[in-house]
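Colleague: I would like to learn how to read burial, contacts and an interface from a model. Please go through them in turn.

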Amino acid sequence: MGTIQAVADLFQNRQNMFWTLLWEHIHMSLLALLCAIFISVPLGIYLSRKKRIAEPIIGAAAVLQTIPSLALLGFMILLLNEIGTLPAVVALSVYALLPILRNTYTGINEVDPAIKEAATGMGMSSFRRLRKVELPMAIPVIMAGIRTSMVLIVGTATLAALISAGGLGDFIMTGIDRADNAYILLGAIPAALLALFFDFVLRITEKTSQGKALTPVASVLIAALLVAAAPLFTFSQKPDLVIGGKLGAEPEIIANMYKHVIEEETNLQVVVESGFGSTDAAFNALSVDEIDIYPEFTGTAMAALLEETPESGSTEEEVYQQAKKGMAEEYGMVYLEPMQFNNTYAIAMREQQADELGIETISDLEPYTDELTAGFTFEFADREDGYPGIQDVYGLTFENVETMDSGLRTRAVETGQVDFIDAYFTDADMVEYNLRVLEDDKNLFPPYQGAPLMKQETMEAYPQLEILNQLGGEISNEEMQQMNYMVDYNDADPSKVAREYLTDNGFFD
Amino acid sequence: MITFENISKEFQDGTKAVQDFSTTIEKGELFVLIGPSGCGKTTTLKMINRLIEPTQGTIHIEGRNLKNWNKQELRWNIGYVLQQIALFPTMTIEENVAVVPEMRRWGRKQTAERVEELLRMVELDPAVYKKRKPAELSGGEQQRVGVVRALAADPDILIMDEPFSALDPLTREQLQQDIKQLQSRIQKTIVFVTHDMDEALALGDRICMMEGGSIVQVGTPHELTNHPANDFVRDFIGDRINEWDTPVREMMDPQSDYIANIEELPNLPLYPAPLYIFDNDSSFLGRRQGREIIEHDVSITPDMLLKKAVQYFEKTDMDALPVLENGRLIGVLSYKDIVWYMKNIHAQPGKESV
């Protein structure tokens with residue numbers, strides 16, 4: 001009951017966002033379904049006339065379907081050099097091809113040969129036979145394929161949030177990130193209801209058409225087309241700048257601060273597109289001009305993007321200078337001044353367990369490499385300044401390492417499924433779950449200070465962006481942790497949190 | 001008129017379905033193709049509407065080579081009835097019947113009238129059946145629709161591929177009668193494939209017996225039953241000979257003692273009686289009674305079947321009846337002739353009467 005109440009409350013608070021995301025979800029799903037139909041149905045018809053090439057082509061569609069949906073979404077970003085709705089729709093369409101294609105082919109092929117012969121023997125042309133006899137008879141089978149694809153699309157579309165295409169997946173991803181069931185349910189339940197609703201509409205359409213008239217099918221197609229094409233008729237002003245951010249409260253707050261500062265001080269129109277699943281996703285988006293600026297950590301820029309290791313014991317300033325130089329030389333990018341807080345990686349474990357085992361530093365883990373289970377994010381497990389670094393610098397290799405999404409690992413350590421995790425120093429979770437940060441006694445982790453990263457051309461086009469340097473040196477660790485807590489646990493709007501901070505600290509005089 | 005000239009068909013897998021098939025199907029006749037499975041009868045049929053193309057030989061319809069026809073137009077002119085009935089399940093009865101008229105671009109009104117007329121012809125009330133789907137009809141009703149669908153655009157030729165074999169015996173017999181009646185009314189050329197000899201004998205004006213892709217015998221039902229070309233035909237027909245269905249021509253006596261030229265009359269004895277008299281150009285003059293020649297009105301024709309002829313014997317007390325063809329006396333049928341004929345038939349080994 002508590003969960004249902006929480007979902008209801010969240011719905012009350014997030015109504016505007018809910019309707020926007022629902023609309024995005026519907027729009028994206030219908031667009032993908034229409035693409036899949038317009039490709040698969042004619043292709044299926046064509047293949048039913050060219051049986052020799054049918055099996056290889058249907059086989060190819062089947063191979064496409066075996067690609068994990070998330071991988072397909074990621075692949076589309078690279079292929080299309082773009083993020084957001086387009087790659088999502090393309091990936092979803094590709095995903096939905098097979099059921100429609102196979103059912104169209106099968107439906108037409110399974111028309112009784114005697115009936116086909118009757119049609120031909122009475123003097124129907126191949127096209128007339130298709131239109132008058134075979135298609136009407138195949139409609140129920142084709143519709144079944146379309147319904148399968150529809151459910152597939154509506155479900156998979158929740159993953160599109162990861163490549164910034166929006167939709168109900170935004171709620172689900174936020175929910176996973178914050179370990180908040182209410183958010184997950186607010187995304188998942190409407191997505192499921194949406195799938196049922198579409199299925200219902202299609203079933204009614206099929207019943208009305210009775211495999212006879214194509215009119216109901218056509219009218220539903222047209223309605224779907226109108227919905228899909230709706231954004232073409234609304235004129236949205238294109239913003240001057242798009243500020244990106246990785247998934248999580250902190251990047252979203254920082255990105256919003258950039259927006260507020262830029263909009264306050266200049267005439268530029270700015271929108272925030274946050275929620276990128278990984279450093280690579282955000283950096284790719286910046287490379288292909290999908291976003292113009294995003295806050296990147298100095299340490300991440302060094303380790304993940306430049307693949308350099310800062311000299312042991314480097315100061316924050318030295319690391320920043322090294323990263324700035326590297327980004328300029330290797331990528332032609334401008335790296336403005338970093339903020340004060342240092343969201344370094346940390347290894348964290350339950351306070352109580354740490355006390356029992358007497359663990360204070362990372363080195364103290366050594367006797368327990370066989371017994372304790374590590375819970376690392378995919379990114380940490382792979383980064384030079386992550387687990388490979390721990391193996392190099394500390395010489396520790398853990399027997400049991402579980403990799404999981406960042407939103408899940410705090411819960412995993414809290415419930416005792418894992419014993420220690422990688423964490424971000426400023427995470428609100430550290431406060432909430434009473435976790436102890438183990439001292440990085442061999443200085444593995446470089447400083448991680450957020451700073452605006454953009455292309456040289458962006459800076460040249462908008463020299464006013466220099467004003468972002470005003471944020472340099474702002475925000476202490478405690479302040480950042482506090483703001484993260486506000487968003488993650490009090491469900492505050494990141495944009496408002498950012499504005500409040502700026503107002504309280506005299507940015508808008 | 002449909003003419004087959006040296007038609008052969010070899011399928012891609014090497015099967016020789018039809019070999020050197022030549023025959024002529026007359027306008028307005030019901031021509032039955034019959035034979036065991038795989039004899040090539042269906043292949044031959046489907047070459048008429050070019051569902052199958054011959055590998056050799058030519059087919060002409062009304063003297064025009066089939067190859068010179070537009071395939072679709074050709075098919076609009078040839079009604080096609082299938083064993084599987086194969087009504088279009090998504091269309092109503094009305095729409096099914098209207099398929100070919102629509103392709104021939106008949107007007108809406110003309111088509112609707114034609115559909116009603118045809119449904120009434122096969123005793124399906126249009127008000128009841130027009131809007132129904134094929135699945136709502138019984139098998140017999142469906143095939144009636146199948147037949148009128150083929151007739152819809154008034155084609156000159158109707159081809160029927162074992163149209164009644166999937167129906168129960170009662171319905172089959174009913175539909176056979178229907179098609180026979182229809183044939184006498186509408187005078188189409190009908191090519192009919194069957195493997196059922198009873199059906200062939202009941203319906204066919206002529207029957208073409210096939211075996212292994214070739215013609216074994218073409219003839220009227222009577223010719224096949226009474227003069228089978230070989231043992232294959234005899235075996236296929238089986239115990240089906242009915243001597244009562246034999247025409248009088250087969251057993252009459254053209255040189256009988258019962259007939260005489262009028263010029264011989266004075267020299268003849270008074271017996272045997274009766275004596276039928278003709279003149280020099282064979283015209284029938286009458287029956288001798290005493291010294292007189294009197295009018296005689298009980299006569300039979302050479303094509304009359306025996307069972308009919310014996311009814312005429314019942315009308316008179318004569319031992320013999322004159323056989324007249326176009327007013328000429330061509331012979332006499334006597335009790336003796338009938339007995340003689342019966343004796344001969346049953347002298348053939350293995351043949352019993354029904």
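Modeller: What follows treats chain B, its side towards chain A, and one residue of chain A. This is a predicted model: local features need pLDDT of at least 70, side-chain atom pairs count only at pLDDT 80 or more, and totals for chains, interfaces and linings use all residues. Residues are numbered from 1 along each chain as its sequence is written, while chains are lettered from A and ligands numbered from 1 in the order in which they are written.

Colleague: How many helices and strands does chain B have?

Modeller: Helices (H or I, at least four residues) and strands (E, at least two) are DSSP runs, numbered from the N terminus. Chain B has 13 helices and 16 strands.

Colleague: Which elements of chain B supply residues to the side that touches chain A?

Modeller: Two residues are in contact if their C-beta atoms, placed from the backbone, lie within 7 Å. Here 15 residues of chain B contact 14 residues of chain A. On the chain B side, α2 (71–76) and α4 (99–103) each supply at least two residues.

Colleague: Why does A:Asn342 count as buried?

Modeller: A residue is buried if 20 or more other C-beta atoms lie within 10 Å of its own, exposed if 12 or fewer, and partly exposed in between; C-beta atoms are placed from the backbone. A:Asn342 is buried because it has 21 C-beta neighbours inside 10 Å.

Colleague: Where is A:Asn342 placed?

Modeller: A:Asn342 lies in the loop between β4 (333–335) and β5 (345–350) of chain A. Beyond neighbours within four places in sequence, its contacts include A:Glu316, A:Phe425 and A:Gln449. The C-alpha atoms of A:Asn342 and A:Gln449 are 4.8 Å apart, with the two residues 107 apart along the chain.
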